[in-house]
Amino acid sequence: MFAFSLAMFFGLCIGLALGLSPRLNQWFGTWLVVLLNIPALVVIVLCYLWIGLNEVAAVTAVALNKTAMVAVSIREGVHALDPKLTEMARAFRMSRLAELRHVILPQLWPFIASSMRNGLAIIWKIVLVVEFLGRSDGVGFQIHLYFQLFETGYVLTYALSFVVVMLLIEYGVIGALERRAVRWRATT
């Protein structure tokens with residue numbers, strides 16, 4: 001979850017910066033596309049080579065693989081913002097923080113929620129590969145172990161446990177956040 005949080009935070013910051021600044025987007029937009037298209041396996045192997053076979057490398061590899069995806073989604077969300085709402089915020093002399101909280105983030109919620117859902121789906125898969133390749137513990141390691149022993153039942157058990165955890169996060173955490181984020185729609 002730490003890697004997911006890092007990817008969401010940095011991806012949100014990068015996406016906002018690139019979406020709000022055409023100059024930054026011009027300079028760094030291509031690099032974002034490059035990062036988006038580097039295979040996850042390459043990033044994992046490079047992190048293990050450069051950082052070592054440790055937890056820091058695993059978290060870094062997972063976070064790096066997802067950050068570009070979040071940034072692209074958020075950047076496109078910023079490009080889809082309603083300029084009339086921004087004008088309204090400026091007319092009412094809202095502070096930048098108030099504008100971000102009350103005007104920009106509510107419009108970006110569908111993009112943030114999509115990034116969270118896609119992020120969880122992809123990050124868990126990347127975590128399995130990271131553990132499969134270079135960790136001596138974790139679900140990916142266990143799946144690798146039972147694969148080598150031809151124990152299909154155990155492999156399926158670990159896979160289904162992942163699905164259960166993801167469903168709990170989807171409906172318990174993301175669903176609750178989504179209900180809170182869009183509750184203003186029910187009052188209109």
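Helix H3 gives the most to the lining of the second largest pocket, with 6 residues. That pocket belongs to a predicted model, and about 440 Å³ of space lies in it, while the largest pocket has a volume of about 610 Å³. The points below take each of these two pockets in turn.

**The second largest pocket**

- This pocket is lined by 22 residues, among which Leu35, Ile38, Val43, Leu64 and Ala68 are the closest to its centre.
- Two or more lining residues come from each of the helices H1, H2 (22-37), H3 (40-51), H4 (55-79) and H6, and of the elements that contribute to the second largest pocket H3 gives the most.
- Sorted by class, the lining of the second largest pocket holds 20 nonpolar and 2 polar residues, and no charged residues are found in it.

**The largest pocket**

- The volume of the largest pocket is about 610 Å³, and its lining is made up of 15 residues, with Arg101, Leu105, Trp109, Arg180 and Ala181 lying nearest the centre.
- The elements that each supply two or more residues to the lining of the largest pocket are the helices H1 (2-20), H6 (96-134), H8 (152-181) and H9 (183-186).
- Helix H6 gives the most to the lining of the largest pocket, with 7 residues.
- By class, the lining of the largest pocket consists of 11 nonpolar residues, 1 polar residue and 3 charged residues.

**Helices that serve both pockets**

- Helices H1 and H6 are among the elements that give two or more residues to the lining of the largest pocket, and H1 and H6 are also listed for the second largest pocket.

Notes. Residues numbered from 1 in each chain as written. Predicted model: local features only at pLDDT ≥ 70, side-chain atom pairs only at ≥ 80, totals over all residues. Heavy atoms only, no water. 1 Å grid on protein atoms, 1.4 Å probe; cavity = no way out; pocket = protein on both sides within 12 Å on 5 of 7 lines; lining within 4 Å. Points joined across faces, edges and corners; volume = space filled by probe spheres on them. Helix = DSSP H or I, 4+ residues; strand = E, 2+ residues; numbered from the N terminus. Nonpolar A, V, L, I, M, F, W, Y, C, P; charged D, E, K, R; others polar.
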